[in-house]
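I opened the notebook to look up a few things about a ligand shell, a helix and a core. Here is what I went through, in the order I checked it.

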Amino acid sequence: MNRIADHCKSSLLWLLTLFFTLTLSTSLNAAPQKTEIPMPGPWGDDFSETITDPEQVGDTASTQRFRQQQMQMLSAYYRSLEQALRYSADHHGQLENLASNFAHRAQQLPDWFRERTPAHGEESGALERVWEAPERFQQHMEQFRERAADLADRVERSSDAVQDEAVEEKLNRVRHQCLACHQEFRHR
Ligand code: HEC
């Protein structure tokens with residue numbers, strides 16, 4: 001009787017060992033677990049996330065955020081133009097397209113500042129002055145729009161924009177206008 005029980009026990013032990021060995025080896029060989037990436041989410045070190053629940057974001061914050069994203073887009077256009085003009089022979093073909101898109105964006109500036117949405121306290125953002133001195137701000141926007149259009153026009157008419165000093169000069173004039181407006185109307 002005892003011998004039968006012993007036999008059962010050892011068979012059970014053997015089965016258990018087999019079971020664990022199999023489970024362990026399959027889990028070791030298994031493909032790494034899938035990672036779930038929630039969207040929207042970050043895609044790089046320098047990307048500010050937009051994962052806040054839309055229900056929790058007020059109109060002011062959302063107008064400011066949208067405006068800031070548009071400014072970053074403007075900045076990316078400017079930097080791409082600069083890059084294509086000065087450094088990357090590979091991208092010379094895109095100059096005209098970049099410059100005309102940039103000029104188009106420059107016309108949209110007034111839309112981003114329609115609502116009175118200044119930054120408060122130490123927050124970086126638009127100063128109250130944007131809405132308190134609207135005529136002055138308007139002048140800056142117009143100057144900027146004109147300079148961007150002027151740049152696009154010159155790039156389009158130039159037979160070799162890269163060698164054309166007027167293009168370089170017009171790009172600089174655009175940059176100075178970005179800075180001039182920031183100096184008066186933006187808090188960092
Ligand atoms: C007519 C005024 C004006 C002009 C022209 C202008 N900006 Fe701005 N910019 C602002 C103001 C005001 C803010 C602050 C907006 C806010 O945070 O609500 C700003 C913010 C920014 C920001 C910060 C965005 C963020 O994420 O907080 C960048 C980058 C920027 N501008 C780049 C540029 C570049 C590059 C140009 C020119 C190619 C330019 N801007 C032209 C007024 C201007």
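**Ligand shell.** I started with the ligand in this predicted model and found 23 residues around it, the closest being Q68, M71, G125, C178 and C181. Next I asked which elements give two or more residues to that shell. They are α2, β1 (125-126), α6 and α7. Helix α2 has the largest share, with eight residues. Sorting the shell by class, I got 13 nonpolar, eight polar and two charged residues.

**Helix α2.** Since α2 gives so much to the shell, I looked at its length. Helix α2 covers residues 59-86, and its 28 residues should span 40 Å at 1.5 Å a residue. I computed 40 Å between its end C-alpha atoms, so the two agree. Then I looked for buried positions in α2 and noted Y78, L81, A84 and L85. What do the buried residues of α2 pack against? I found α3 (95-106) and α7 (165-185).

**Nonpolar core.** I turned to the largest nonpolar core, which has 20 residues. Within this core, L81, A99, F102, A148 and L151 have the most contacts. The elements that give it two or more residues are α2, α3, α6 (134-157) and α7. Its largest share, six residues, comes from α3. I reminded myself that nonpolar side chains tend to be buried together in soluble globular proteins.

**A99.** Last, I picked A99 and left aside its neighbours within four places in sequence. A99 is then in contact with L81, L151, A152 and V155. Two of these contacts, L81 and L151, were already on my list for the core.

Definitions and conventions: Residues are numbered from 1 along each chain as its sequence is written. This is a predicted model: local features need pLDDT of at least 70, side-chain atom pairs count only at pLDDT 80 or more; totals for chains, interfaces and linings use all residues. Helices (H or I, at least four residues) and strands (E, at least two) are DSSP runs, numbered from the N terminus. The expected span of a helix is 1.5 Å times one less than its number of residues. A residue is buried if 20 or more other C-beta atoms lie within 10 Å of its own, exposed if 12 or fewer, and partly exposed in between; C-beta atoms are placed from the backbone. Two residues are in contact if their C-beta atoms, placed from the backbone, lie within 7 Å. A nonpolar core is a set of buried Ala, Val, Leu, Ile, Met, Phe, Trp, Tyr and Cys residues joined through C-beta atoms within 7 Å. A residue is near a molecule or strand if its C-beta atom, placed from the backbone, lies within 6 Å of it. Ala, Val, Leu, Ile, Met, Phe, Trp, Tyr, Cys and Pro count as nonpolar, Asp, Glu, Lys and Arg as charged, and the others, Gly among them, as polar.
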